Amino acid sequence: MHSLRWRIATWYTLLLLCVIGLVSIVLFFQLRTILFDQARARIDQIGRDIASIVSRSGPLVAIGEAFPVDEQLALPGNLEHWSSPTTYVEIDNAQGYPIGKSQNMGGVSFARRPSDQRFGVTYSVEKNALGDIYVRDERVKVGGATPIIVKVGERLDVFNETLRRTRDLLLFVFLFAVAAVIAASIFLSSSAIRPIGELTEAIGEIGSDQLNRRLAWTDRTDEVGRLAATFDAMLARLEEAFARERQFISDASHELKTPLTIINANAQMLERWGDRDPHVRTDSLRAIVEESAALARMVNGLLTLAKAESGERIPLEPVRLSEVLSEAVRSSASRAAEKSLVLRLSGDLHPGPCVLGNANLLRQLFSNLIENGIKFTERGEVEVNLAATADEAVVHVSDTGVGIEEESLARIFDRFYRTDRSRSRAVEGTGLGLAIVRSIARVHEGTVQATRRAGGGTAFQVTLPRIATRAASASEAPPEQAFISRQ
Ligand code: ADP
């Protein structure tokens, strides 16, 4: 009963019934007014006619006879000129007692009313032995003599009968409309909702293991067709996301398997030969230490990625980029020195632009880029440059290292992707560093891109939205919450 179909049908029905009901009531009262107006026009006409004859004549001027006009009016038969089967005329004296009546009134008289004492016209509906009568009273002066009261009445039976019939007809039409509207509403709402039911059924048939299926309701161009198309597009996105997750699990298992296999093999070597051969012991222990450290790095990287992509809220606060970059450069300085590389920080540093972010995540982002620069550079320098435009902070991390082939540039931000060059050279790494960089940039509503440098080497550009410097310096500025979006 609470289904959409019933709700639509009920609302349709109620709405239409209200409209039909209102129209009927307005029609009924309009007709009543017209009929009343007609009756009033008729008795007005007769009343005015008599009044004008009475007031035009002097006290002794008669209507063809030498009697005062009031006496003439009172004579039986004189009022027949104005009466009809539905119209009655009565002349009363100044005290309100009848002095003459049309013959169709027989022994019946109109009621005496207080208005009889006043001049002017009054209207009333009275019920007497003749029936329901609409009566017009007018007190008229007869020359200088005492006034008389002219009463003209119109039967309302015909009028009431017409109204009754109209009311019955309207009631019948209304009841018929109720039935028709209920049926039409149910039919209309059912046919409007049916495709949704079919769509629900079709969607229900698609199981979680059938993400490659599509509804393909391409012949429908209405709302339901659009809903089906949206559902198909969502299925496509889901399929893609599931495939990505499957790929990720297989990549992660593969990457975790290698160090685990090495650790396992070395542990067996230790078990068998460790006591007898000190070289085996030293080598195996070193391999175990190195591989377990690589494992730990990878798990840490995965945890950071999972956190950045989980969609949970992390607190954001104004961060001055020059400070974050200085810390990242300082912590990598010793590694650069080991390889005799120049590690430089330049640009808009005093005080430099601020962003709304998480300082730890931003430090990790730039550390990853700087560490990569040092890792893939044998000679020359790694430069970190900070620049600011009106609403963006731009950081370049460029090196004079091995560079990245054009075809790899698009893939280096994928999880576990490592170029052949870095694999074959057995450079330490997890393939997660740049994926983490991209996730952290996205958390900060920023972007990151890599380019090949003309003279060799790679340049990474990170762009982050700036905030006003005043907010950054004000320590009381409330930390804001940002939503970490999924990839
Ligand atoms: P890794 O742990 O292997 O460094 P990253 O995700 O940080 O993983 O990098 C992915 C790959 O991109 C690296 O294996 C390397 O092939 C390439 N790469 C990243 N940074 C640089 C760079 N500065 N110079 C050359 N190649 C790079």
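**Exercise 1.** In this predicted model, determine which residue forms a salt bridge with glutamate 161.

*Solution.* Glutamate 161 is paired with arginine 164, and their closest N and O atoms are 2.8 Å apart. A salt bridge requires a side-chain nitrogen of Lys or Arg within 4 Å of a carboxyl oxygen of Asp or Glu. Next, consider the positions in the chain: both residues belong to helix α3 (residues 157–204), and because they are three residues apart there, about one helical turn separates them. In general, side chains of opposite charge can pair when their charged atoms come close. The structure holds 22 salt bridges.

**Exercise 2.** State where the ligand sits and what surrounds the ligand.

*Solution.* First, the location: the ligand occupies the largest pocket. Second, the shell: 21 residues surround the ligand, the closest being Asn372, Asp399, Thr419, Thr430 and Leu434. Third, the classes: eight of the shell residues are nonpolar, ten are polar and three are charged. Fourth, the elements: at least two shell residues come from each of α7 (359–375), α10 (433–443) and β12 (458–467). Of these, α7 gives the most, with three residues.

**Exercise 3.** Identify polar atoms of the protein that lie within 3.5 Å of an N or O atom of the ligand.

*Solution.* Begin with the oxygen atoms of the ligand. A polar backbone atom of threonine 430 is 2.8 Å from one ligand oxygen, and a polar side-chain atom of lysine 375 lies 2.9 Å from a ligand oxygen. Turn then to nitrogen: a nitrogen atom of the ligand is 3.3 Å from an N or O atom in the side chain of threonine 458. Finally, the protein covers 98% of the 530 Å² of accessible area that the ligand has on its own.

Note on methods
Residues are numbered from 1 along each chain as its sequence is written. This is a predicted model: local features need pLDDT of at least 70, side-chain atom pairs count only at pLDDT 80 or more; totals for chains, interfaces and linings use all residues. Side-chain values use heavy atoms; hydrogens and water are left out. A residue is near a molecule or strand if one of its heavy atoms lies within 4 Å of it. A polar contact is a pair of N or O atoms within 3.5 Å; within protein, one must be able to donate a hydrogen and the other to accept it, and residues adjacent in sequence count only if both atoms are side-chain atoms. Accessible areas come from the Shrake-Rupley method with a 1.4 Å probe; for residues, only the protein chains shown count as cover. On a 1 Å grid over the protein atoms alone, a cavity is a set of points where a 1.4 Å probe fits but cannot get out, and a pocket is an open set with protein on both sides within 12 Å along at least five of seven lines; lining residues have an atom within 4 Å of a point. A molecule sits in a cavity or pocket if more than half of its atoms lie within 2 Å of its grid points. Helices (H or I, at least four residues) and strands (E, at least two) are DSSP runs, numbered from the N terminus. Ala, Val, Leu, Ile, Met, Phe, Trp, Tyr, Cys and Pro count as nonpolar, Asp, Glu, Lys and Arg as charged, and the others, Gly among them, as polar.
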